[in-house]
Amino acid sequence: VQLQASGGGLVQPGGSLRLSCAASGSILSINVMGWYRQAPGKQRELVARITSGGTTNYADSVKGRFTISRDNAKNTVYLQMNSLKPEDTAVYYCNAPLVRGATYYYTDLWGQGTLVTVSS
């Protein structure tokens, strides 16, 4: 079981990007999926997370600008980022704290990271 993130890139301030993260392998269920980010010289921080039932929570810095969603049938989580600011520049990582596989439980899975750069 692994997570594969995509969708990063360079965008101007005020622009939008959509990140995707797909979990692959023999998966029965994933309760929580989330996005974290790490800016240069800073610690990794939670951006947003969502449960399989659709309950969400967001970092204060992105509330009203970012929207997390998921497609449970595709084991995929999305992050729609609008009104991007230079301070949103970071490597974004998807995370699944617990994945129920066909044979095993997998804990603390991370995607490979995708770079988002907000600059004019």
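In this predicted model, four strands form an open sheet with antiparallel pairing, in the order S1-S3-S9-S8. Strands S1 and S8 (66-71) stand at the edges of this sheet, and each has a single partner strand, so one side of each is left without a neighbour in the sheet. From one strand to the next, the twist averages 15°.

It helps to walk across this sheet pair by pair. At one edge, strand S1 (residues 2-6) pairs with strand S3 (residues 17-24) in the antiparallel sense, over five bridges. Within this pairing, Ser-6 stands opposite Ser-20 of S3. On the next step across, S3 pairs with strand S9 (residues 76-81), again in the antiparallel sense, and here there are six bridges. Ala-22 and Thr-76 of S9 face each other as opposite residues. The last step leads from S9 to S8: these two strands run antiparallel and are joined by six bridges. Here Ser-69 has Tyr-78 in S9 as its bridge partner. A general point is handy when looking at such strands on screen: in a regular strand the side chains alternate between the two faces of the sheet.

Thr-76 makes a good stopping place on this walk. This residue belongs to strand S9. Is Thr-76 buried or exposed? Its relative accessibility is 8%, and because buried means under 20%, Thr-76 counts as buried. Leaving out residues up to four places away in sequence, Thr-76 touches Cys-21, Ala-22, Ser-69, Arg-70 and Asp-71. Ala-22, one of these, is also the residue that stands opposite Thr-76. Closer along the chain, a polar atom of the Thr-76 side chain lies 2.9 Å from the backbone oxygen of Lys-74.

Tyr-58 offers another side chain to follow. It lies in strand S7 (residues 56-58). Which backbone atom does the side chain of Tyr-58 reach? It is the backbone nitrogen of Ile-68, at 3.0 Å. Ile-68 also appears among the residues that Tyr-58 touches beyond four places in sequence; the full set is Val-47, Ala-48, Lys-63, Phe-66, Thr-67 and Ile-68. Leu-84, by comparison, is 26 residues from Tyr-58 in sequence, with a C-alpha to C-alpha distance of 15 Å.

Pro-13 shows how residues far apart in sequence can meet in space. This proline sits in the loop between strand S2 (9-11) and S3. With a relative accessible area of 40%, Pro-13 is partly exposed. Although Pro-13 and Ser-120 are 107 residues apart in sequence, their C-alpha atoms are 6.5 Å apart in space. Ser-120 is also one of the contacts of Pro-13 once neighbours within four places in sequence are set aside; the others are Leu-84, Pro-86, Val-118 and Ser-119.

Two residues stand out for their backbone angles. As background, most residues other than glycine have a negative phi. Ser-83, however, has a positive phi, near 50°. This serine is found in the loop between S9 and strand S10 (90-101), and its relative accessibility of 41% makes it partly exposed. Asp-108 likewise has a positive phi, near 55°. Asp-108 is found in a strand, S11 (residues 105-110), and counts as partly exposed at 47% relative accessibility.

Stepping back to the whole protein chain, how many helices and strands are there? The secondary structure comes to zero helices and 12 strands, so the pattern read along the sequence is β-β-β-β-β-β-β-β-β-β-β-β. The radius of gyration of the chain is 14 Å, close to the 14 Å that the globule rule gives for 120 residues, so the chain is as compact as a globular protein of that length. Along its principal axes, the C-alpha trace spans about 50 × 25 × 20 Å. Of the 120 residues, 40% count as buried. The accessible surface comes to about 6400 Å², and 47% of that surface belongs to carbon and sulfur atoms. Finally, among contacts between residues at least 6 apart in sequence, 54% join residues at least 24 apart.

Notes: Residues numbered from 1 in each chain as written. Predicted model: local features only at pLDDT ≥ 70, side-chain atom pairs only at ≥ 80, totals over all residues. Heavy atoms only, no water. Pairing = 2+ DSSP bridges. Axes fitted to C-alpha atoms, helices over the stretch in contact; angles between N-to-C directions. Buried < 20%, exposed > 50% of the residue type's maximum accessible area, 1.4 Å probe, protein only. Contact = heavy atoms within 4.5 Å. Polar contact = N/O pair within 3.5 Å; in protein donor to acceptor, adjacent residues only side chain to side chain. Rg over C-alpha atoms; globule rule 2.2 N^0.38 Å. Areas by Shrake-Rupley, 256 points an atom, 1.4 Å probe, with all protein chains shown as cover.
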